[in-house]
Amino acid sequence: MSEGKKIILGIDLGTTYTSVAYIDEYGKPVIVPNTENQNITPSVVFFDGDTIVVGEVAKESSKLYPNEVVSFIKRSMGESDYVFEYDGKTFRAEEISSFILRKVVQDAEKSLDAQIKDIVITCPAYFGINEREATKRAGEIAGYQVHQIINEPTAAAIAYGSLDENRSQKTVLVYDLGGGTFDITMIDIKSDSIEVICTGGDHNLGGKDWDDRVVAFLVQEFQNATQTDEDILEDPDTCQDLQLSAERSKKVLSQRDKTPILITHGGERVKVSLEKTKFEEITQDLLERTVTLTHEMLEEAAKKGYEKFDEIILVGGSSRMPQVSERIRQEFSVEPKIFDPDESVAKGAAIFAWKLAIQKGLIKRAAEKTGKQVESMDQYEDGELDDVLEELEQLVSEDTGYSVEDIKRTAIRIRNVASKSFGVVAHNSNDEEIVYNLIVKNKEVPVTTTKIFGTAVENQEVVSIQIMENESSSISTNPAHAVQIGTATLQLPPGLKTDTPVEITFVLNEEGRLQISAIEKTEQKKVDVDIDTKAVIQGEDLEKAIKRSQSLVVT
Ligand code: AMP
(Lines give C-alpha, C1' and ligand atoms only; values in the text may rest on other atoms or scores of the structure.)
Protein backbone atom coordinates (compact mmCIF):
# COMPACT_ATOMS: atom_id res chain seq x y z
CA MET A 1 0.00 0.00 0.00
CA SER A 2 1.18 3.50 -0.76
CA GLU A 3 2.34 5.81 2.00
CA GLY A 4 0.59 8.83 0.43
CA LYS A 5 -1.78 11.34 1.90
CA LYS A 6 -3.29 10.51 5.27
CA ILE A 7 -6.90 9.56 4.74
CA ILE A 8 -9.57 9.98 7.37
CA LEU A 9 -12.87 8.23 6.70
CA GLY A 10 -16.42 9.23 7.56
CA ILE A 11 -18.45 6.12 8.39
CA ASP A 12 -22.23 5.92 8.54
CA LEU A 13 -22.58 2.82 10.73
CA GLY A 14 -26.24 2.14 10.03
CA THR A 15 -28.69 -0.33 11.54
CA THR A 16 -29.17 -2.07 8.24
CA TYR A 17 -26.41 -0.67 5.98
CA THR A 18 -23.03 0.93 6.46
CA SER A 19 -21.38 3.35 4.07
CA VAL A 20 -18.04 5.04 3.94
CA ALA A 21 -16.82 8.29 2.38
CA TYR A 22 -13.59 10.27 2.10
CA ILE A 23 -12.56 13.63 0.67
CA ASP A 24 -10.85 13.38 -2.70
CA GLU A 25 -7.96 15.55 -3.88
CA TYR A 26 -10.42 18.20 -5.12
CA GLY A 27 -11.96 18.55 -1.68
CA LYS A 28 -15.18 16.73 -2.64
CA PRO A 29 -16.84 13.95 -0.59
CA VAL A 30 -16.87 10.63 -2.40
CA ILE A 31 -18.43 7.32 -1.35
CA VAL A 32 -15.92 4.46 -1.32
CA PRO A 33 -17.42 1.26 -2.75
CA ASN A 34 -16.80 -2.08 -1.03
CA THR A 35 -14.98 -4.98 -2.70
CA GLU A 36 -18.32 -6.17 -4.09
CA ASN A 37 -18.46 -2.77 -5.83
CA GLN A 38 -21.48 -1.63 -3.82
CA ASN A 39 -21.77 1.80 -2.20
CA ILE A 40 -23.50 0.37 0.85
CA THR A 41 -22.62 -2.74 2.85
CA PRO A 42 -25.33 -4.59 4.81
CA SER A 43 -24.54 -4.26 8.54
CA VAL A 44 -24.83 -8.01 8.91
CA VAL A 45 -22.24 -10.33 10.46
CA PHE A 46 -21.94 -14.07 9.76
CA PHE A 47 -19.77 -16.22 12.05
CA ASP A 48 -18.21 -18.82 9.76
CA GLY A 49 -15.65 -20.78 11.84
CA ASP A 50 -12.64 -18.53 12.42
CA THR A 51 -13.74 -16.18 9.71
CA ILE A 52 -16.18 -13.34 10.16
CA VAL A 53 -18.11 -12.54 7.01
CA VAL A 54 -19.72 -9.11 6.77
CA GLY A 55 -22.08 -7.67 4.18
CA GLU A 56 -24.18 -9.08 1.36
CA VAL A 57 -22.92 -12.67 1.77
CA ALA A 58 -23.71 -12.52 5.48
CA LYS A 59 -27.18 -11.17 4.74
CA GLU A 60 -27.86 -13.97 2.26
CA SER A 61 -26.45 -16.54 4.75
CA SER A 62 -29.07 -15.55 7.29
CA LYS A 63 -31.53 -17.83 5.47
CA LEU A 64 -29.33 -20.91 5.74
CA TYR A 65 -27.64 -20.19 9.07
CA PRO A 66 -30.01 -18.00 11.08
CA ASN A 67 -28.24 -18.81 14.36
CA GLU A 68 -24.82 -17.79 13.10
CA VAL A 69 -25.87 -14.44 11.68
CA VAL A 70 -26.29 -11.16 13.56
CA SER A 71 -28.36 -8.30 12.10
CA PHE A 72 -29.56 -4.96 13.53
CA ILE A 73 -26.74 -4.95 16.10
CA LYS A 74 -26.97 -1.16 16.34
CA ARG A 75 -30.19 -1.58 18.30
CA SER A 76 -28.26 -3.41 21.03
CA MET A 77 -25.36 -0.97 21.36
CA GLY A 78 -24.87 0.06 24.98
CA GLU A 79 -27.10 -2.74 26.31
CA SER A 80 -25.45 -4.37 29.31
CA ASP A 81 -27.18 -7.73 28.93
CA TYR A 82 -26.71 -8.26 25.19
CA VAL A 83 -24.37 -11.06 24.19
CA PHE A 84 -24.19 -13.19 21.06
CA GLU A 85 -22.98 -16.73 21.55
CA TYR A 86 -21.01 -18.59 18.94
CA ASP A 87 -18.88 -21.68 19.31
CA GLY A 88 -18.88 -21.44 23.10
CA LYS A 89 -17.71 -17.82 23.02
CA THR A 90 -19.69 -14.69 23.80
CA PHE A 91 -19.52 -11.45 21.87
CA ARG A 92 -20.76 -8.03 23.02
CA ALA A 93 -22.52 -5.61 20.69
CA GLU A 94 -19.48 -3.38 20.26
CA GLU A 95 -17.39 -6.38 19.15
CA ILE A 96 -19.96 -7.32 16.50
CA SER A 97 -20.01 -3.69 15.33
CA SER A 98 -16.22 -3.66 15.25
CA PHE A 99 -16.34 -6.42 12.61
CA ILE A 100 -18.57 -4.27 10.40
CA LEU A 101 -16.12 -1.39 10.78
CA ARG A 102 -13.17 -3.62 9.92
CA LYS A 103 -14.85 -4.89 6.78
CA VAL A 104 -15.69 -1.43 5.43
CA VAL A 105 -12.32 0.12 6.36
CA GLN A 106 -10.37 -2.82 4.88
CA ASP A 107 -12.38 -2.49 1.67
CA ALA A 108 -11.72 1.26 1.60
CA GLU A 109 -7.99 0.58 2.06
CA LYS A 110 -8.04 -1.70 -1.00
CA SER A 111 -10.08 0.71 -3.06
CA LEU A 112 -7.98 3.78 -2.17
CA ASP A 113 -4.68 1.90 -1.95
CA ALA A 114 -3.90 3.46 1.40
CA GLN A 115 -3.48 2.41 4.98
CA ILE A 116 -6.27 3.85 7.08
CA LYS A 117 -6.29 4.23 10.84
CA ASP A 118 -8.36 7.38 11.35
CA ILE A 119 -12.14 7.44 11.33
CA VAL A 120 -15.17 9.47 12.36
CA ILE A 121 -18.32 7.44 13.03
CA THR A 122 -21.88 8.73 13.01
CA CYS A 123 -24.65 7.77 15.40
CA PRO A 124 -28.29 8.81 15.75
CA ALA A 125 -28.73 12.12 17.55
CA TYR A 126 -30.97 10.12 19.80
CA PHE A 127 -28.15 7.91 21.12
CA GLY A 128 -27.44 8.25 24.85
CA ILE A 129 -24.10 8.07 26.64
CA ASN A 130 -23.73 4.29 26.67
CA GLU A 131 -24.67 3.86 23.02
CA ARG A 132 -22.12 6.54 22.06
CA GLU A 133 -19.41 5.02 24.23
CA ALA A 134 -20.14 1.60 22.75
CA THR A 135 -19.89 3.04 19.22
CA LYS A 136 -16.51 4.57 20.02
CA ARG A 137 -15.36 1.27 21.58
CA ALA A 138 -16.37 -0.59 18.42
CA GLY A 139 -13.88 1.53 16.48
CA GLU A 140 -11.18 1.05 19.10
CA ILE A 141 -11.68 -2.72 19.20
CA ALA A 142 -11.28 -2.73 15.43
CA GLY A 143 -7.91 -0.99 15.95
CA TYR A 144 -8.77 2.48 14.65
CA GLN A 145 -8.46 5.94 16.09
CA VAL A 146 -11.99 7.29 16.39
CA HIS A 147 -11.56 11.06 16.18
CA GLN A 148 -15.17 11.80 16.94
CA ILE A 149 -18.66 10.39 17.08
CA ILE A 150 -21.01 12.83 15.35
CA ASN A 151 -24.76 12.85 15.01
CA GLU A 152 -26.22 11.52 11.77
CA PRO A 153 -28.55 14.49 11.13
CA THR A 154 -25.68 16.89 11.78
CA ALA A 155 -23.62 14.97 9.23
CA ALA A 156 -26.50 15.11 6.73
CA ALA A 157 -26.83 18.87 7.31
CA ILE A 158 -23.09 19.33 6.78
CA ALA A 159 -23.36 17.53 3.43
CA TYR A 160 -26.46 19.54 2.53
CA GLY A 161 -24.89 22.84 3.67
CA SER A 162 -21.72 22.17 1.70
CA LEU A 163 -23.71 22.04 -1.55
CA ASP A 164 -24.68 25.67 -1.16
CA GLU A 165 -21.45 27.59 -1.73
CA ASN A 166 -23.00 30.93 -0.69
CA ARG A 167 -24.59 29.34 2.38
CA SER A 168 -27.52 31.67 2.79
CA GLN A 169 -29.01 31.51 6.28
CA LYS A 170 -31.79 28.94 6.61
CA THR A 171 -33.40 26.81 9.25
CA VAL A 172 -33.77 23.23 8.15
CA LEU A 173 -35.53 20.22 9.63
CA VAL A 174 -33.66 16.99 9.01
CA TYR A 175 -36.17 14.12 9.00
CA ASP A 176 -34.01 11.00 9.17
CA LEU A 177 -35.86 7.70 8.92
CA GLY A 178 -33.30 4.92 8.68
CA GLY A 179 -33.44 1.16 9.08
CA GLY A 180 -33.83 1.14 12.83
CA THR A 181 -33.96 4.71 14.06
CA PHE A 182 -35.87 7.92 13.57
CA ASP A 183 -34.22 11.27 14.26
CA ILE A 184 -35.77 14.67 13.79
CA THR A 185 -33.46 17.64 14.13
CA MET A 186 -33.71 21.39 13.61
CA ILE A 187 -30.54 22.89 12.24
CA ASP A 188 -29.59 26.49 11.55
CA ILE A 189 -27.26 26.79 8.58
CA LYS A 190 -25.33 30.07 8.27
CA SER A 191 -22.40 31.15 6.13
CA ASP A 192 -19.88 30.30 8.83
CA SER A 193 -21.70 27.84 11.08
CA ILE A 194 -23.99 24.84 11.30
CA GLU A 195 -25.88 24.89 14.55
CA VAL A 196 -28.16 22.18 15.91
CA ILE A 197 -31.10 23.85 17.65
CA CYS A 198 -33.11 20.93 18.86
CA THR A 199 -33.34 17.21 18.40
CA GLY A 200 -35.83 14.43 19.04
CA GLY A 201 -36.81 11.01 17.76
CA ASP A 202 -37.07 7.35 18.68
CA HIS A 203 -34.21 4.90 18.46
CA ASN A 204 -36.58 2.01 18.05
CA LEU A 205 -38.51 3.24 15.06
CA GLY A 206 -37.31 2.62 11.53
CA GLY A 207 -37.67 0.69 8.30
CA LYS A 208 -37.44 -2.58 10.22
CA ASP A 209 -40.76 -1.80 11.91
CA TRP A 210 -42.35 -1.35 8.48
CA ASP A 211 -40.85 -4.74 7.50
CA ASP A 212 -42.24 -6.33 10.68
CA ARG A 213 -45.73 -5.12 9.81
CA VAL A 214 -45.44 -6.74 6.38
CA VAL A 215 -44.19 -9.94 8.03
CA ALA A 216 -47.21 -9.96 10.35
CA PHE A 217 -49.49 -9.41 7.35
CA LEU A 218 -47.86 -12.33 5.50
CA VAL A 219 -48.26 -14.65 8.50
CA GLN A 220 -51.95 -13.75 8.65
CA GLU A 221 -52.38 -14.34 4.90
CA PHE A 222 -50.64 -17.72 5.20
CA GLN A 223 -52.89 -18.71 8.08
CA ASN A 224 -56.01 -17.64 6.16
CA ALA A 225 -54.95 -19.50 3.02
CA THR A 226 -54.02 -22.72 4.85
CA GLN A 227 -56.80 -22.52 7.43
CA THR A 228 -54.37 -22.93 10.33
CA ASP A 229 -53.35 -20.79 13.28
CA GLU A 230 -49.75 -22.00 13.30
CA ASP A 231 -47.20 -19.33 14.16
CA ILE A 232 -44.89 -19.89 11.20
CA LEU A 233 -42.37 -17.38 12.62
CA GLU A 234 -41.32 -20.01 15.14
CA ASP A 235 -39.51 -21.68 12.27
CA PRO A 236 -36.23 -19.67 12.02
CA ASP A 237 -35.87 -20.37 8.26
CA THR A 238 -39.37 -19.16 7.47
CA CYS A 239 -38.87 -16.18 9.75
CA GLN A 240 -35.67 -15.08 7.96
CA ASP A 241 -37.28 -15.72 4.60
CA LEU A 242 -40.32 -13.60 5.40
CA GLN A 243 -38.15 -10.79 6.74
CA LEU A 244 -36.12 -10.66 3.53
CA SER A 245 -39.27 -10.82 1.35
CA ALA A 246 -40.91 -8.11 3.45
CA GLU A 247 -38.01 -5.70 2.96
CA ARG A 248 -37.86 -6.48 -0.75
CA SER A 249 -41.61 -5.93 -1.25
CA LYS A 250 -41.52 -2.74 0.80
CA LYS A 251 -38.89 -1.36 -1.59
CA VAL A 252 -40.93 -2.45 -4.61
CA LEU A 253 -43.94 -0.59 -3.20
CA SER A 254 -41.89 2.61 -3.22
CA GLN A 255 -42.08 2.30 -7.04
CA ARG A 256 -45.25 0.35 -7.78
CA ASP A 257 -48.84 -0.03 -6.62
CA LYS A 258 -48.66 -3.70 -5.73
CA THR A 259 -46.24 -6.60 -5.45
CA PRO A 260 -46.59 -10.40 -5.48
CA ILE A 261 -45.02 -12.32 -2.57
CA LEU A 262 -44.54 -16.08 -2.33
CA ILE A 263 -44.66 -17.63 1.15
CA THR A 264 -43.23 -21.12 1.50
CA HIS A 265 -43.45 -23.00 4.74
CA GLY A 266 -43.67 -26.66 5.73
CA GLY A 267 -44.07 -27.74 2.11
CA GLU A 268 -46.93 -25.31 1.45
CA ARG A 269 -46.73 -22.41 -1.00
CA VAL A 270 -49.03 -19.44 -0.71
CA LYS A 271 -49.09 -16.58 -3.21
CA VAL A 272 -50.04 -13.19 -1.83
CA SER A 273 -50.45 -9.82 -3.46
CA LEU A 274 -49.62 -6.82 -1.29
CA GLU A 275 -51.14 -3.55 -2.44
CA LYS A 276 -49.59 -0.20 -1.66
CA THR A 277 -52.81 1.03 -0.06
CA LYS A 278 -52.83 -2.01 2.26
CA PHE A 279 -49.14 -1.48 3.08
CA GLU A 280 -49.83 2.14 3.96
CA GLU A 281 -52.81 1.16 6.06
CA ILE A 282 -50.91 -1.42 8.17
CA THR A 283 -48.02 0.99 8.77
CA GLN A 284 -49.94 4.22 9.18
CA ASP A 285 -49.49 4.47 12.95
CA LEU A 286 -45.69 4.18 12.52
CA LEU A 287 -45.72 7.14 10.15
CA GLU A 288 -48.00 9.07 12.51
CA ARG A 289 -45.52 8.51 15.32
CA THR A 290 -42.83 10.30 13.28
CA VAL A 291 -45.24 13.23 12.83
CA THR A 292 -46.01 13.35 16.56
CA LEU A 293 -42.30 13.26 17.42
CA THR A 294 -41.69 16.06 14.90
CA HIS A 295 -44.33 18.22 16.60
CA GLU A 296 -42.83 17.49 20.01
CA MET A 297 -39.43 18.62 18.77
CA LEU A 298 -40.95 21.76 17.20
CA GLU A 299 -42.51 22.65 20.56
CA GLU A 300 -39.09 22.38 22.19
CA ALA A 301 -37.54 24.53 19.44
CA ALA A 302 -40.26 27.16 19.89
CA LYS A 303 -39.25 27.45 23.56
CA LYS A 304 -35.77 28.37 22.33
CA GLY A 305 -37.22 31.06 20.06
CA TYR A 306 -37.26 29.08 16.83
CA GLU A 307 -40.90 29.28 15.78
CA LYS A 308 -40.54 28.34 12.12
CA PHE A 309 -38.32 26.61 9.61
CA ASP A 310 -37.55 27.08 5.91
CA GLU A 311 -37.06 23.56 4.56
CA ILE A 312 -37.46 19.90 5.42
CA ILE A 313 -34.88 17.53 4.08
CA LEU A 314 -35.49 13.80 4.13
CA VAL A 315 -32.57 11.47 4.68
CA GLY A 316 -32.30 7.78 5.62
CA GLY A 317 -33.28 4.94 3.31
CA SER A 318 -36.83 4.68 4.63
CA SER A 319 -37.64 8.25 3.57
CA ARG A 320 -37.83 6.80 0.05
CA MET A 321 -41.29 5.47 0.91
CA PRO A 322 -43.64 7.88 -0.94
CA GLN A 323 -45.99 7.92 2.06
CA VAL A 324 -43.34 9.85 4.00
CA SER A 325 -43.17 12.83 1.60
CA GLU A 326 -46.94 12.82 1.14
CA ARG A 327 -47.62 12.96 4.86
CA ILE A 328 -45.04 15.68 5.47
CA ARG A 329 -46.40 17.79 2.62
CA GLN A 330 -49.89 17.43 4.04
CA GLU A 331 -48.89 18.15 7.65
CA PHE A 332 -46.41 21.01 7.23
CA SER A 333 -47.44 22.50 3.85
CA VAL A 334 -43.86 22.42 2.54
CA GLU A 335 -42.37 20.40 -0.29
CA PRO A 336 -39.86 18.05 1.40
CA LYS A 337 -36.54 17.53 -0.36
CA ILE A 338 -35.26 13.99 -0.57
CA PHE A 339 -31.56 14.44 -0.10
CA ASP A 340 -29.16 11.67 -1.06
CA PRO A 341 -30.75 9.22 1.44
CA ASP A 342 -28.08 6.55 1.32
CA GLU A 343 -24.98 8.70 1.06
CA SER A 344 -25.48 12.06 2.74
CA VAL A 345 -24.58 10.92 6.26
CA ALA A 346 -21.30 9.25 5.28
CA LYS A 347 -20.39 12.20 3.03
CA GLY A 348 -21.17 14.71 5.79
CA ALA A 349 -19.08 12.65 8.21
CA ALA A 350 -16.21 12.65 5.70
CA ILE A 351 -16.41 16.45 5.32
CA PHE A 352 -16.46 16.80 9.09
CA ALA A 353 -13.53 14.37 9.53
CA TRP A 354 -11.54 16.25 6.91
CA LYS A 355 -12.23 19.62 8.56
CA LEU A 356 -11.14 18.14 11.85
CA ALA A 357 -7.88 16.86 10.34
CA ILE A 358 -7.14 20.21 8.65
CA GLN A 359 -7.93 22.12 11.83
CA LYS A 360 -5.59 19.84 13.76
CA GLY A 361 -2.93 20.50 11.13
CA LEU A 362 -3.43 24.25 11.54
CA ILE A 363 -3.19 23.98 15.31
CA LYS A 364 0.01 21.93 15.04
CA ARG A 365 1.56 24.50 12.71
CA ALA A 366 0.32 27.32 14.95
CA ALA A 367 1.90 25.65 17.98
CA GLU A 368 5.22 25.43 16.14
CA LYS A 369 4.97 29.09 15.19
CA THR A 370 4.12 30.34 18.67
CA GLY A 371 6.21 27.85 20.63
CA LYS A 372 3.15 26.71 22.61
CA GLN A 373 2.08 23.16 23.41
CA VAL A 374 -0.52 21.81 20.97
CA GLU A 375 -2.76 20.92 23.93
CA SER A 376 -2.80 24.51 25.15
CA MET A 377 -3.79 25.99 21.79
CA ASP A 378 -7.29 27.33 21.37
CA GLN A 379 -9.06 26.93 18.05
CA TYR A 380 -7.25 29.31 15.75
CA GLU A 381 -10.51 31.07 14.72
CA ASP A 382 -10.76 32.62 18.12
CA GLY A 383 -8.79 35.62 16.96
CA GLU A 384 -5.45 34.92 18.56
CA LEU A 385 -3.79 33.85 15.33
CA ASP A 386 -5.43 36.21 12.86
CA ASP A 387 -2.14 37.89 11.91
CA VAL A 388 -0.43 34.68 10.87
CA LEU A 389 -3.46 32.81 9.62
CA GLU A 390 -2.66 33.14 5.92
CA GLU A 391 0.86 31.88 6.46
CA LEU A 392 -0.46 28.90 8.47
CA GLU A 393 -3.05 28.09 5.81
CA GLN A 394 -0.32 28.16 3.18
CA LEU A 395 1.81 25.75 5.26
CA VAL A 396 -1.08 23.33 5.82
CA SER A 397 -1.93 23.54 2.13
CA GLU A 398 1.63 22.38 1.41
CA ASP A 399 1.44 19.70 4.12
CA THR A 400 -1.82 18.21 2.85
CA GLY A 401 -1.87 18.99 -0.85
CA TYR A 402 -5.25 20.75 -0.59
CA SER A 403 -5.66 24.27 -1.96
CA VAL A 404 -5.62 27.29 0.37
CA GLU A 405 -9.25 27.87 -0.69
CA ASP A 406 -10.14 24.37 0.55
CA ILE A 407 -8.29 24.97 3.81
CA LYS A 408 -10.23 28.21 4.35
CA ARG A 409 -13.52 26.36 3.82
CA THR A 410 -12.81 24.20 6.86
CA ALA A 411 -13.14 27.13 9.26
CA ILE A 412 -16.85 26.54 9.78
CA ARG A 413 -18.21 26.17 13.29
CA ILE A 414 -20.38 23.20 14.13
CA ARG A 415 -22.51 23.44 17.22
CA ASN A 416 -24.48 20.64 18.75
CA VAL A 417 -26.94 20.16 21.58
CA ALA A 418 -27.36 17.53 24.29
CA SER A 419 -29.78 14.90 23.01
CA LYS A 420 -30.72 13.73 26.54
CA SER A 421 -30.86 15.14 30.04
CA PHE A 422 -28.33 13.95 32.63
CA GLY A 423 -28.64 14.11 36.38
CA VAL A 424 -28.15 12.41 39.71
CA VAL A 425 -30.56 10.81 42.16
CA ALA A 426 -31.14 13.20 45.09
CA HIS A 427 -33.79 13.90 47.72
CA ASN A 428 -36.11 16.90 47.54
CA SER A 429 -37.33 18.93 50.55
CA ASN A 430 -40.12 16.37 51.11
CA ASP A 431 -37.43 13.66 51.26
CA GLU A 432 -38.72 12.10 48.05
CA GLU A 433 -36.26 10.59 45.59
CA ILE A 434 -35.94 12.66 42.45
CA VAL A 435 -33.56 12.91 39.54
CA TYR A 436 -31.94 16.33 39.60
CA ASN A 437 -30.81 17.18 36.07
CA LEU A 438 -27.47 18.98 35.86
CA ILE A 439 -27.65 18.99 32.08
CA VAL A 440 -31.00 19.49 30.42
CA LYS A 441 -31.75 18.10 26.96
CA ASN A 442 -31.17 20.42 23.97
CA LYS A 443 -28.63 22.56 25.81
CA GLU A 444 -25.74 23.59 23.62
CA VAL A 445 -22.61 21.46 24.06
CA PRO A 446 -19.94 21.55 25.35
CA VAL A 447 -21.65 22.33 28.63
CA THR A 448 -20.42 22.28 32.22
CA THR A 449 -22.80 22.39 35.18
CA THR A 450 -21.99 22.30 38.86
CA LYS A 451 -24.41 21.70 41.70
CA ILE A 452 -23.82 21.50 45.43
CA PHE A 453 -25.48 18.66 47.33
CA GLY A 454 -25.36 18.07 51.10
CA THR A 455 -24.28 14.84 52.82
CA ALA A 456 -27.27 12.96 54.24
CA VAL A 457 -25.89 11.79 57.63
CA GLU A 458 -23.15 12.59 60.14
CA ASN A 459 -19.79 10.88 59.52
CA GLN A 460 -20.84 9.89 56.03
CA GLU A 461 -17.92 7.99 54.48
CA VAL A 462 -18.90 7.82 50.84
CA VAL A 463 -21.22 9.50 48.41
CA SER A 464 -22.70 7.10 45.87
CA ILE A 465 -23.63 8.99 42.77
CA GLN A 466 -26.27 7.40 40.59
CA ILE A 467 -25.90 8.89 37.12
CA MET A 468 -29.23 9.08 35.34
CA GLU A 469 -30.17 9.71 31.70
CA ASN A 470 -33.67 10.86 30.78
CA GLU A 471 -35.86 12.58 28.24
CA SER A 472 -37.29 15.24 30.53
CA SER A 473 -36.82 18.90 29.61
CA SER A 474 -37.18 19.95 33.27
CA ILE A 475 -34.60 20.37 35.98
CA SER A 476 -36.05 17.49 37.98
CA THR A 477 -37.90 14.34 37.08
CA ASN A 478 -39.25 11.16 38.58
CA PRO A 479 -36.57 8.38 38.77
CA ALA A 480 -39.11 6.02 37.19
CA HIS A 481 -38.77 8.05 33.98
CA ALA A 482 -34.98 7.85 33.88
CA VAL A 483 -32.42 5.11 33.30
CA GLN A 484 -29.31 4.63 35.35
CA ILE A 485 -26.32 4.78 33.02
CA GLY A 486 -23.70 4.23 35.66
CA THR A 487 -22.65 4.85 39.22
CA ALA A 488 -19.72 6.62 40.81
CA THR A 489 -18.33 6.66 44.33
CA LEU A 490 -16.75 9.61 46.13
CA GLN A 491 -14.76 8.76 49.30
CA LEU A 492 -15.21 11.38 52.03
CA PRO A 493 -12.81 12.37 54.84
CA PRO A 494 -13.89 11.26 58.35
CA GLY A 495 -15.92 13.35 60.79
CA LEU A 496 -18.14 15.31 58.42
CA LYS A 497 -21.35 16.86 59.71
CA THR A 498 -24.75 16.29 58.12
CA ASP A 499 -25.31 18.53 55.10
CA THR A 500 -21.59 19.03 54.38
CA PRO A 501 -21.44 20.46 50.86
CA VAL A 502 -20.33 18.16 48.04
CA GLU A 503 -19.99 19.79 44.65
CA ILE A 504 -20.74 17.63 41.63
CA THR A 505 -19.76 18.75 38.13
CA PHE A 506 -21.01 17.26 34.86
CA VAL A 507 -19.22 18.07 31.62
CA LEU A 508 -20.82 17.01 28.34
CA ASN A 509 -18.38 17.45 25.48
CA GLU A 510 -18.99 18.12 21.75
CA GLU A 511 -19.34 14.42 21.09
CA GLY A 512 -22.08 14.00 23.68
CA ARG A 513 -19.71 12.16 26.04
CA LEU A 514 -20.01 12.74 29.76
CA GLN A 515 -17.29 13.40 32.33
CA ILE A 516 -17.99 13.79 36.01
CA SER A 517 -15.98 15.23 38.87
CA ALA A 518 -16.83 15.90 42.51
CA ILE A 519 -15.33 18.04 45.27
CA GLU A 520 -15.87 17.64 48.99
CA LYS A 521 -15.91 21.32 49.99
CA THR A 522 -14.30 21.25 53.46
CA GLU A 523 -11.05 19.65 52.26
CA GLN A 524 -11.43 20.79 48.65
CA LYS A 525 -10.61 17.24 47.60
CA LYS A 526 -11.39 16.91 43.89
CA VAL A 527 -12.06 13.50 42.45
CA ASP A 528 -12.47 12.65 38.80
CA VAL A 529 -15.19 10.14 38.85
CA ASP A 530 -15.00 7.15 36.56
CA ILE A 531 -18.43 6.18 35.43
CA ASP A 532 -18.83 2.56 36.36
CA THR A 533 -21.05 0.95 33.80
CA LYS A 534 -21.65 -2.58 32.61
CA ALA A 535 -23.20 -1.32 29.39
CA VAL A 536 -19.87 -0.80 27.63
CA ILE A 537 -16.79 -3.01 27.50
CA GLN A 538 -14.00 -1.51 29.55
CA GLY A 539 -10.79 -2.36 31.41
CA GLU A 540 -9.53 -5.91 31.03
CA ASP A 541 -12.52 -6.99 28.96
CA LEU A 542 -11.68 -4.28 26.44
CA GLU A 543 -8.07 -5.46 26.19
CA LYS A 544 -9.29 -9.03 25.64
CA ALA A 545 -11.77 -7.92 22.99
CA ILE A 546 -9.04 -6.03 21.10
CA LYS A 547 -6.76 -9.09 21.21
CA ARG A 548 -9.52 -11.44 20.11
CA SER A 549 -10.52 -9.12 17.29
CA GLN A 550 -6.95 -9.14 15.98
CA SER A 551 -6.93 -12.93 15.88
CA LEU A 552 -10.05 -13.10 13.71
CA VAL A 553 -10.16 -12.69 9.94
CA VAL A 554 -12.90 -10.40 8.67
CA THR A 555 -13.93 -10.57 5.01
P1 AMP B 1 -30.46 3.55 6.37
O2 AMP B 1 -30.33 3.06 7.79
O3 AMP B 1 -30.58 5.01 6.24
O4 AMP B 1 -29.44 2.95 5.45
O5 AMP B 1 -31.87 3.00 5.85
C6 AMP B 1 -32.07 1.67 5.58
C7 AMP B 1 -33.56 1.42 5.56
O8 AMP B 1 -34.11 2.03 4.39
C9 AMP B 1 -33.90 -0.05 5.49
O10 AMP B 1 -34.97 -0.32 6.37
C11 AMP B 1 -34.31 -0.22 4.06
O12 AMP B 1 -35.25 -1.29 3.92
C13 AMP B 1 -34.96 1.10 3.76
N14 AMP B 1 -35.01 1.40 2.33
C15 AMP B 1 -33.99 1.50 1.46
N16 AMP B 1 -34.42 1.76 0.22
C17 AMP B 1 -35.78 1.83 0.31
C18 AMP B 1 -36.83 2.05 -0.65
N19 AMP B 1 -36.57 2.24 -1.93
N20 AMP B 1 -38.10 2.05 -0.18
C21 AMP B 1 -38.37 1.83 1.12
N22 AMP B 1 -37.44 1.61 2.05
C23 AMP B 1 -36.16 1.60 1.66
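A polar contact here is a pair of N or O atoms within 3.5 Å; within protein, one must be able to donate a hydrogen and the other to accept it, and residues adjacent in sequence count only if both atoms are side-chain atoms. This is a predicted model, where local features need pLDDT of at least 70, side-chain atom pairs count only at pLDDT 80 or more, and totals for chains, interfaces and linings use all residues. Residues are numbered from 1 along each chain as its sequence is written, and side-chain values use heavy atoms, with hydrogens and water left out.

**Helix α6**

Let's start with α6, which covers residues 236-252 (helices are DSSP runs of H or I, at least four residues, and strands are runs of E, at least two, numbered from the N terminus). At its start, a side-chain oxygen of Asp235 comes to within 2.9 Å of the backbone nitrogen of Asp237. The helix has 17 residues and spans 24 Å from first C-alpha to last, close to the expected 24 Å; that expectation is 1.5 Å times one less than the number of residues.

Which residues of α6 are buried? They are Thr238, Gln240, Leu242, Leu244, Ser245, Ala246, Glu247, Ser249 and Lys250, where buried means under 20% relative accessible area, exposed over 50%, and partly exposed in between (1.4 Å probe, protein chains only). Their cover includes β2 (17-23), α1 (56-64), α5 (207-226), β15 (258-265) and α7 (276-303), with contact meaning heavy atoms within 4.5 Å.

**Around the ligand**

Two of those buried α6 residues, Glu247 and Lys250, turn up again beside the ligand. It is surrounded by 13 residues, and the closest are Gly179, Glu247, Lys250, Ser254 and Gly317; a residue is near if one of its heavy atoms lies within 4 Å. Here are some polar distances:

| Side chain | Ligand atom | Distance |
|---|---|---|
| Lys250 | oxygen | 2.7 Å |
| Ser254 | nitrogen | 2.7 Å |
| Arg320 | nitrogen | 3.5 Å |

**Rings and charges**

A search of the whole structure turns up 11 aromatic pairs. Rings of Phe, Tyr and Trp (its six-membered ring) pair if their centres lie within 6.5 Å; planes under 30 degrees apart count as stacked, over 60 as edge-to-face and the rest as tilted. Phe46 and Tyr65 make a stacked pair, 5.3 Å centre to centre with 15° between the planes. They are 19 residues apart, with Phe46 in strand β5 (45-48) and Tyr65 in the loop between α1 and β7 (69-70). Phe46 counts as buried because its relative accessibility is 6%, while Tyr65, at 39%, counts as partly exposed.

Phe47 and Phe91 have ring centres 4.9 Å apart and planes at 55°, so this pair is tilted. Phe47 is in β5 and Phe91 in β9 (89-91), 44 residues apart. Both are buried, and they belong to one aromatic cluster with Phe84, Tyr86 and Phe99.

As for charges, the charged end of Lys208 sits over the ring of Phe72, 5.0 Å from its centre. A charge sits over a ring if NZ of Lys or CZ of Arg is within 6 Å of the ring centre and within 35 degrees of the ring normal.

**Two more spots**

Lys190 lies in the loop between β13 (182-189) and β14 (193-202). Its side chain makes a 3.2 Å polar contact with that of Asp188, and Lys190 counts as partly exposed at 30% relative accessibility.

Thr122, in strand β10 (118-123), is buried, with a relative accessible area of 1%. Beyond residues up to four places away in sequence, Thr122 touches Ile11, Asp12, Leu13, Ile150, Glu152, Ala155, Val345 and Ala349.
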